[in-house]
Amino acid sequence: MTYENIRLEHDGAVATLTIDRPKALNALNNKTLQEFEAAVKSLGADTRVLIVTGGGEKAFVAGADIAEMSSIAEHPEAQKFAELGHRAFALLESLAIPTIAAVNGFALGGGCELALACDFIYASEKAQLGLPEVGLGVIPGFGGTQRLTRIVGRARAKELIFTGGRIDAAKAKEIGLVLEVLPAAELLAHCRSVAAKMLKNSPLAISTAKRVIEQGADKDLGEANTLERQGFAELFGSEDQREGMKAFLEKRPAVFTGK
Ligand code: CAA
């Protein structure tokens, strides 16, 4: 499939999805969100890690497309736009593989929300993150009020959202929004080296860990630990479990099939 505003590249088991609309700092209009959704849906079983980044030197994604949004007059149309963004990012979040946001520049509004829907974020030194929507008379509409709060806590989320301010990568790391800050030229290589470490492990175990972390996050500890016990037990008898433990005992690297 050919896309106009995104690029999807495969390098072995690692796919890189680049939002590539530099003339608007990669802003997410309807078409871009639809292409993004189609690209995520198109990922096959051979893809085991997804990196999401922005094209050009300046931006990861500078938000939802304000020019397009400004022509929305009616509540139902705005609801539809929010639903498209929510659906696309929920799809990303539901992937059974690790997803990494490589935030290479401005990650504002919908761009910050896109990064938040990934499993974790690495940022370049020149990245700036924020949710400036209240300055436009709206609120974050692609999951920012909820996902940011779950990651940095209510008070930090409120501070960022109410002030509409931008924080740099170092501050974003300090509040736990970004895991590591890298020189711009090293950002993608860092993401790929983390991907390579994950590729050595059992895909089945990673997807189970991701599922129980996600499903347990909003439950009380007792219920959440039940999910962990079930996930742990389910893996026994799988090819990956047998191979992982056999390889350890035979002092050789495991060869996992994801089954
Ligand atoms: N939507 C549409 N176009 C955008 C855009 C956006 N979110 N962000 C940047 N652009 C466009 C600019 O209009 C400009 O286009 P022209 O060259 O045709 O004038 C081009 O990208 C370059 O941008 P700037 O000239 O503004 O670049 P700058 O370096 O001076 O500033 C910036 C960079 C601080 C990121 C600034 O562009 C900016 O503030 N952008 C908007 C950020 C924003 O408010 N994002 C939230 C959007 S609302 C949202 O996302 C809602 C939601 O949750 C669903």
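Student: Let's start inside this predicted model: is Leu 187 buried or exposed?
Tutor: Here buried means under 20% relative accessible area, exposed means over 50%, and partly exposed is in between (1.4 Å probe, protein chains only). Leu 187 has a relative accessible area of 2%. With that value, Leu 187 is buried.

Student: What are the ground rules for the numbering and the model?
Tutor: Residues are numbered from 1 along each chain as its sequence is written, and side-chain values use heavy atoms, with hydrogens and water left out. As this is a predicted model, local features need pLDDT of at least 70, while totals for chains, interfaces and linings use all residues, and side-chain atom pairs count only at pLDDT 80 or more.

Student: Which helix holds Leu 187?
Tutor: Helices (H or I, at least four residues) and strands (E, at least two) are DSSP runs, numbered from the N terminus. Leu 187 sits in the run that covers residues 187-199. That run is helix α8.

Student: And which residues does Leu 187 touch, leaving out those up to four places away in sequence?
Tutor: Contact means heavy atoms within 4.5 Å. With those sequence neighbours left out, the partners of Leu 187 are Ala 102, Val 103, Asn 104, Tyr 122, Ala 123, Ser 124 and Leu 182.

Student: How far is Leu 187 from Thr 53, C-alpha to C-alpha?
Tutor: Along the chain, Leu 187 and Thr 53 are 134 residues apart. In space, their C-alpha atoms are separated by 10.0 Å.

Student: OK, zooming out: how many helices and strands does the protein have?
Tutor: Among the helices are α8, at residues 187-199, and α10, at residues 221-235. Strands include β3, at residues 49-54, and β5, at residues 99-103. The full tally for the protein is 11 helices and 10 strands.

Student: Why call the protein as compact as a globular protein of its length, and what is the radius of gyration?
Tutor: The radius of gyration is taken over C-alpha atoms, and the globule rule is 2.2 Å times the number of residues to the power 0.38. For 259 residues that rule gives 18 Å, and the protein comes close to it, so it is as compact as a globular protein of that length. The C-alpha trace spans about 60 × 40 × 35 Å along its principal axes. The radius of gyration itself is 19 Å.

Student: What share of the contacts with a separation of 6 or more is between residues 24 or more positions apart?
Tutor: For background, buried residues make up 44% of the 259 residues. Among contacts with a separation of 6 or more, pairs 24 or more positions apart account for 68%.

Student: How many residues does each domain bring to the contact between them?
Tutor: By an automatic or database domain assignment, the protein splits into domain 1 (6-199) and domain 2 (203-249). Their C-alpha centres lie 27 Å apart. The contact takes 11 residues from domain 1 and six residues from domain 2.

Student: Back to strands: which residues does Thr 99 contact, beyond its neighbours within four places in sequence?
Tutor: Thr 99 belongs to strand β5, and its relative accessible area of 0% makes it buried. Setting those neighbours aside, Thr 99 is in contact with Leu 50, Leu 92, Ala 117, Cys 118, Asp 119, Phe 120 and Lys 210.

Student: How far apart are the C-alpha atoms of Val 52 and Val 103?
Tutor: Val 52 lies in strand β3 and counts as buried at 0% relative accessibility. Beyond four places in sequence, it touches residues including Phe 60, Ile 100 and Leu 114. Val 103 is 51 residues away along the chain, with a C-alpha separation of 8.2 Å.

Student: What is phi of Asn 26?
Tutor: Asn 26 is in the loop between β2 and α1, and so is Leu 25. Leu 25 is partly exposed at 26%, whereas Asn 26 is buried at 0%. Phi of Leu 25 is near 50°, a positive value in a residue other than glycine. Asn 26 also has a positive value, near 65°.

Student: Last one: which residues does Lys 219 touch, not counting those up to four places away in sequence?
Tutor: Lys 219 is in the loop between α9 (203-216) and α10, and is partly exposed at 38%. Its C-alpha atom is 30 Å from that of Ala 123. Outside its sequence neighbours, Lys 219 touches Ala 224 and Leu 227.
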